[in-house]
Amino acid sequence: QVKLVESGGGFVQAGESLRLSCAFSGGTFSAHSIGWYRQAPGKEREMVADISSGGIEKYADSVKGRFTISRDNARRMGYLQMNSLKPEDTALYYCNAAWTSAFGKRYDDWGQGTQVTVSS
């Protein structure tokens, strides 16, 4: 049973930075992609960034150039470095771990979320 625990959220001013961390346990970390998603009040959950098991990164257009996703396979950790934060980045941020079986079925696990609030 995969367990994900996020940390690092907080309240910051616009232009400041935060680093989110995701601790992974209960599975084979290196076989999973790690993603960060966010959900603001009244909005749907959206993908922010994703890093595959092979290290390929993807970003939402809204965060390109400001956010950087990374992973440490030895420590079984995922990270999201968020720079130049904007008020519109305010949301509950979730860590996702995904694994696709040999039959093509995707399995997703989620953390409980960490709140990021950016004040103008």
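**Rings and a histidine: a quick chat**

Me: Hi! How many aromatic pairs does a search of the whole structure find?
Reply: Hello! The search turns up 3 aromatic pairs. Keep in mind that this is a predicted model.

Me: Okay, take Y37 and W110. What is the geometry of that pair?
Reply: Y37 and W110 meet edge-to-face, with 70 degrees between the planes and 4.9 Å centre to centre.

Me: And which strands do Y37 and W110 lie in?
Reply: Y37 belongs to β4 and W110 to β10, which covers residues 106-110. The two are 73 residues apart in sequence, so the pair ties together parts that are well separated along the chain.

Me: Is Y37 buried or exposed?
Reply: Y37 is buried, because its relative accessibility is 16% and the cut-off for buried is under 20%. W110 is partly exposed, at 36%.

Me: Switching topic: where is H32 found?
Reply: H32 is in the loop that joins β3 (18-25) and β4 (33-39). With 8% relative accessibility, H32 counts as buried too.

Me: What does the side chain of H32 reach?
Reply: That side chain comes to 2.8 Å from the backbone oxygen of T28.

Me: Nice. Which residues is H32 in contact with, leaving aside neighbours within four places in sequence?
Reply: H32 then touches V2, F24, S52, S53, R71, A97, A98 and W99.

Me: R71, hm. Which ring does R71 lie over?
Reply: R71 lies over the face of F29, 4.6 Å from the ring centre.

Me: Last one: what about R45, where does its charged end sit?
Reply: The charged end of R45 is over the Y94 ring, at 3.9 Å from the centre.

Definitions and conventions: Residues are numbered from 1 along each chain as its sequence is written. This is a predicted model: local features need pLDDT of at least 70, side-chain atom pairs count only at pLDDT 80 or more; totals for chains, interfaces and linings use all residues. Side-chain values use heavy atoms; hydrogens and water are left out. Helices (H or I, at least four residues) and strands (E, at least two) are DSSP runs, numbered from the N terminus. Buried means under 20% relative accessible area, exposed over 50%, partly exposed in between (1.4 Å probe, protein chains only). A polar contact is a pair of N or O atoms within 3.5 Å; within protein, one must be able to donate a hydrogen and the other to accept it, and residues adjacent in sequence count only if both atoms are side-chain atoms. Contact means heavy atoms within 4.5 Å. Rings of Phe, Tyr and Trp (its six-membered ring) pair if their centres lie within 6.5 Å; planes under 30 degrees apart count as stacked, over 60 as edge-to-face and the rest as tilted. A charge sits over a ring if NZ of Lys or CZ of Arg is within 6 Å of the ring centre and within 35 degrees of the ring normal.
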